[in-house]
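Biologist: I should be grateful for a close look at a single part of this model. Please treat the salt bridges and then place them in their surroundings.

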Amino acid sequence: MRRLASLLLCLTLLLSLQAASALSWPEGTGEALRQYFDAVNARLQELGAMPVNSVFESYPTFAVLGVTDAGMAEVPEQVELTVYLQGGELHYLQLRVTDALDRFPAIAAACIMAASPEEITQKDALKQPTACLERVYKTPLNSFESVPDTLRGETVRTYYAYYPSQYPMQDPPVRCLQMTLVFPLPGYGGLNSVTPPPDGYTVNPYNGDGTSEWNDNRPIEDLRNMDDEYEPDLHLNITLSPTPEPDIDWNATPAP
């Protein structure tokens with residue numbers, strides 16, 4: 001009797017997991033997109049992570065999905081994936097994880113493995129996303145970013161970015177860890193080519209050019225209440241002054 005009860009419980013859990021991972025796609029969604037996220041969810045299940053279970057938007061050129069507490073939610077929560085398509089083919093994907101950054105390595109690795117199924121192991125797929133998370137823990141106030149090249153080639157490429165407070169007006173600040181994955185051209189899908197974040201270069205989100213006076217690891221709160229000598233936006237100050245009039249003797253006789 002106990003064995004039967006245990007079997008029923010396992011079956012119930014399995015069915016609930018399958019139901020949670022089932023995506024309800026709008027009519028007309030391309031097969032490439034469906035198959036890719038089936039593969040992503042299979043990898044997430046192997047990693048013991050929650051599946052991608054919500055489709056927020058789906059159009060011929062892009063789709064927005066997410067991992068939410070309840071399946072097929074209406075708005076994104078802490079995990080959002082935006083996929084861009086060209087001619088029905090997968091072009092590139094952007095994964096954004098906010099605040100719950102511990103979820104980033106598994107989701108990023110699942111996206112990488114689904115795009116390169118025969119060429120990369122679970123261990124290798126987890127390596128770079130985990131390293132990015134560790135870097136965030138080590139210097140949580142320092143942002144980093146590798147600028148993506150979205151031109152498709154023969155391999156899967158990944159680029160990483162971290163923003164401790166991407167939108168300064170948000171209170172409290174929202175952290176974001178991001179991966180951009182560029183899919184290979186049709187017929188390829190070789191070993192994942194990782195573009196690591198630049199070493200030794202950090203940019204505070206309040207200053208776009210990374211000048212030294214803004215990159216001294218001061219807390220975000222200090223940057224919000226800066227002295228007047230530091231302006232919140234970098235810009236040119238142009239002072240206009242009148243041009244002096246020429247010294248002309250208006251009563252003089254004109255020269256012939």
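How many residues apart in helix 2 are arginine 43 and glutamate 46, and by about how many helical turns are they separated?

Modeller: The structure is a predicted model, and the description below should be read accordingly. Arginine 43 and glutamate 46 are three residues apart in helix 2, and therefore about one helical turn separates them. An α-helix has 3.6 residues a turn, so residues three or four places apart point the same way. The two side chains meet in a salt bridge, with a distance of 3.4 Å from N to O. Arginine 43 counts as partly exposed because its relative accessibility is 22%, the buried class being reserved for values under 20%.

This pair is one of three salt bridges found in a search of the whole structure. Another lies in helix 4, where the side chains of lysine 127 and aspartate 124 meet at 3.6 Å, N to O. Here too the partners are three residues apart, which means a separation of about one helical turn. Lysine 127 counts as exposed, at 52% relative accessibility, whereas aspartate 124 is partly exposed, with a relative accessible area of 39%.

Helix 4 itself comprises 17 residues, 122–138, and its first and last C-alpha atoms are 24 Å apart, close to the 24 Å expected at 1.5 Å a residue. The helix nevertheless bends by about 30 degrees at glutamine 128, and proline 129 follows within four residues. Both glutamine 128 and proline 129 are buried, and the buried residues of helix 4 also include Cys132, Leu133 and Arg135.

The salt bridge between glutamate 89 and arginine 152 has its closest N and O atoms 3.0 Å apart. This pair links distant parts of the chain: glutamate 89 belongs to strand 4, arginine 152 to the loop between strand 5 (144–145) and strand 6 (155–163), and the two are 63 residues apart. Glutamate 89 is partly exposed at 33% relative accessibility, while arginine 152 counts as buried at 15%.

Helix 2 and strand 4 also take part in the largest pocket, for each supplies at least two residues of its lining, as does helix 3 (104–115). Helix 2 gives the most, with three residues. The volume of this pocket is about 320 Å³. Its lining consists of 17 residues, and Leu90, Ala115, Phe183, Pro184 and Tyr188 lie nearest the centre. By class, the lining residues comprise 10 nonpolar, three polar and four charged.

Notes. Residues numbered from 1 in each chain as written. Predicted model: local features only at pLDDT ≥ 70, side-chain atom pairs only at ≥ 80, totals over all residues. Heavy atoms only, no water. 1 Å grid on protein atoms, 1.4 Å probe; cavity = no way out; pocket = protein on both sides within 12 Å on 5 of 7 lines; lining within 4 Å. Points joined across faces, edges and corners; volume = space filled by probe spheres on them. Nonpolar A, V, L, I, M, F, W, Y, C, P; charged D, E, K, R; others polar. Expected span 1.5 Å × (residues − 1). Bend = angle between axes of the 7 residues up to and from the residue. Buried < 20%, exposed > 50% of the residue type's maximum accessible area, 1.4 Å probe, protein only. Salt bridge = Lys/Arg side-chain N within 4 Å of Asp/Glu carboxyl O.
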